[in-house]
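Here are a few notes to go with your first look at this model. Have it open while you read.

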Amino acid sequence: MTGRFICIHGHFYQPPRESPWLEAIEIQDSAFPYHDWNERITAECYAANAVSRIWDTKGRITQLVNNYASISFNFGPTVLLWMQKNAVEVYQAILEADRQSMEKFSGHGNALAQAYNHMILPLANRRDKITQIIWGIKDFEHRFGRKPEGLWLPETAVDLETLDVMAQYDIGFAILSPNQARQVRPIDGNEWQDVSGGRIDHGMAYRVSLPSGRVMNLFFYDGPISQALAFEGLLNNGEAFAHRLLSAFPDNHSAPRLVHIATDGESYGHHHRGGDMALAHALDYIESNGLAQVTNYGRYLDEHPPTHEVAIFENSSWSCAHGIERWRSDCGCNTGGHPGWNQGWRAPLRAALDWLRDTVSPAYEQLAGRFLTDPWAARDDYIDIIVDRSPDRINAFLSRHATRPLNSEDEITVLKLMELQRNTMLMYTSCGWFFDELSGLETVQVMQYAGRVLQLADQLFSEAFEPGFLERLELARSNIPEHRDGRIIYEEFVRPAMLDMKDVGAHYALSSLFQEFDERSSIYAYSATREDYRSFQVGGSRLVIGRATVTSEVTRISSSLCFGVLHLGDHSIACGTGEYQGAQKYEALAKEISAAFAGADFPKTILLLGKYFGTSTYSLTSLFADERRKVLNIIMGPTLREAEAAYSSIYEHHAPLIRFLTGSGAQRPQVLSVAADLCLNAKLRTVLQGEGLDPEVVRPLLEEARLAGATLDATALGLLLAVNIESLAEQLLEQPDDLSRLTRLNKAAQLVRTLPFEVNLWKTQNICYKILHGLCSNFKEKASPGDQNAQEWLRHYTVLADNFLLRVPICPVNNKRANG
């Protein structure tokens, strides 16, 4: 094994999907059954790799492993920011894996930094390159508690200036595609060897000389193996994956050699289901059989520094055969599936964003210069606030950079300027150009960041930038006739998403009809403090009048608002908001509107809302997406229960006929099919989310559904049952010696085996594994001298292990007492 080293790199990244106004991802139906694509990909990949499985030949889990502790990896900082709030256990597992890898690999951690929001750096100006790299480094240091040794270049897009900036900030190495190498020679040698076309020897590190006199170390990954993993099914079998890696070592080659690959990390579970387990098995197979040393780039570079120099192809990348044209022209690279489409929109989109950046920059510099010692140094340092928006950090930032003590209005201006610059960064996220259509989710997202820049610029500067931007954006043509061009798409998808303080106040007011708020409540990136709240009821109708102070947690701007909301039942809601103009006007408003409502004069009440709030009126559609979905479910609840009862009655009355029609193969009337589907799915939902989870109760319902030809809502039923079983497992984890809890969980597992649909038991397996490996030794020790309770516990846990495909751990038994 001497001299044989293997390193696997995963580039884990998703584009920022947060609303620029809410700083949160709103519900994305395309990610169903998950809330959004970040949540879905986390479940399928990021979490799966934190607790991956190694199986034995009998199909039982023998070990749960954290893959991140054994591979080189980078995570997009914007993904980690989301994960820190929304997937805490996974986030902590990633940080812990880096700590473990430092112990395993002589102080060299597996984690690499990444240029902050995946901007294509060769297309950026020098100032933006510096900010992207500084933000990536500082974000890394904040999370991992150490300096990064290497930095991942988005799409491996590279030029010498980018590498020079990286070297300036003490980054030691980067990873490139073999096709990005042009020629090599021994260090201090004279004659260059052409290695274009991916012919570079990937088994060593290289050094590239930079214009400043600095140098950067480069690794060029194995292209064919990386390609096979990403696109040719190499992850179908872990042992085959291991052998493919090992096959890259030359026979009888004793000198140190590195076999390394790099792919999107999402290959391990999201793009290829079970890819995380293939990775875990391959690593285990290699290490347990002593076939090679698994390492990371930092350690390999430390032990085997470059002996050769490399020259690269500038303005090249790993995902565009034409260099970096995919992000600025109609080069022919696309995701496919739409014959006749073109990507001619890429160039005018980039031109519009470049114009916006370059036109806003002088205005930013001039205004920021009134408050800040160095506006651009302040932008570079703003990452300290992005990673943690606590008041102390904001105050420290302002103190460091302000030319003088700032009043609250000045602070708001400075924070708005910083947010303008942050969104100027985010609007260059690479995914905006990667896909095929101008109106696609990712491209609309970068337009929304541009929309936020324009909104802030309008608040900060006297010049109007939007007309010039839209004039240029209009030149970007959509492939979809109804969307026509960038201006139309902006008006359809960006402008309606823009929010101001009144919009947030309206959301607060509307939501208050359906939930009780504390005196101070959080609403995404805002807080609302209740100043007054009055509720009136007439029959089934309700009126609310109140005051609240709404504050942005990002820019600290506050507005004192008053509101009125009229709910006439179901979805009929009218709302108005406006600036609070003093107690006298507010009391007059409250008195007149409430008097009209008390007299059940609802038309007049609506007219008065218009009188006092003018055009600032809102309806149920004005709620933010997640709350709107929640409120609609509340409103529709009685209607759905009524419909379900009606269809259940139809089914129960005509069940024999429905079964006969199904059995005879005769066509069933649609109303009978719908009745059977609704009724039987409802019965199963009730049972599967109940406490019993008895197979003897579920089995007759499944048979009834089969006889009636009912279509089961497999996804929804599987989710309900999975959550219920996870709850049982968590209860057992709290009291693992409670045999009644153990029995209930075993019974639930037996139920799963009888179902005609899949139930995801991943989390439950993790909990059961933890229990078995945490307590098995203790109970075996007790059982050995004849403790009947411990013996009973072991018998039940053997069943549990079988039910959840876990191999019972071989626990060393302390026989000291037994042997006397």
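1. A term to start with: a residue is called buried under 20% relative accessible area, exposed over 50% and partly exposed in between (1.4 Å probe, protein chains only). By that yardstick Cys575 is buried, at 1% relative accessibility. Cys431 is buried too, with a relative accessible area of 10%.

2. Before going on, note that this is a predicted model, where local features need pLDDT of at least 70, side-chain atom pairs count only at pLDDT 80 or more, and totals for chains, interfaces and linings use all residues. Residues are numbered from 1 along each chain as its sequence is written, and side-chain values use heavy atoms, leaving out hydrogens and water.

3. How many disulfides (pairs of cysteine sulfur atoms within 2.5 Å) does a search of the whole structure find? Zero. For Cys431, the nearest cysteine sulfur is that of Cys320, 14 Å away. The sulfur of Cys575 is 11 Å from the closest one, in Cys562, which is too far for a bond.

4. Now the sheet. Strands (E, at least two residues) and helices (H or I, at least four) are DSSP runs numbered from the N terminus, and two strands pair if DSSP finds at least two bridges between them. Here six strands make an open sheet with mixed pairing, ordered S7-S11-S10-S14-S8-S9. S7 (173-176) and S9 (193-194) are at the edges with a single partner strand each, so one side of each has no neighbour in the sheet.

5. Inside that order, S10 (residues 206-209) and S14 (residues 308-312) run parallel, joined by two bridges. Tyr206 sits opposite His308 in S14.

Terms used
Disulfide = S-S within 2.5 Å.
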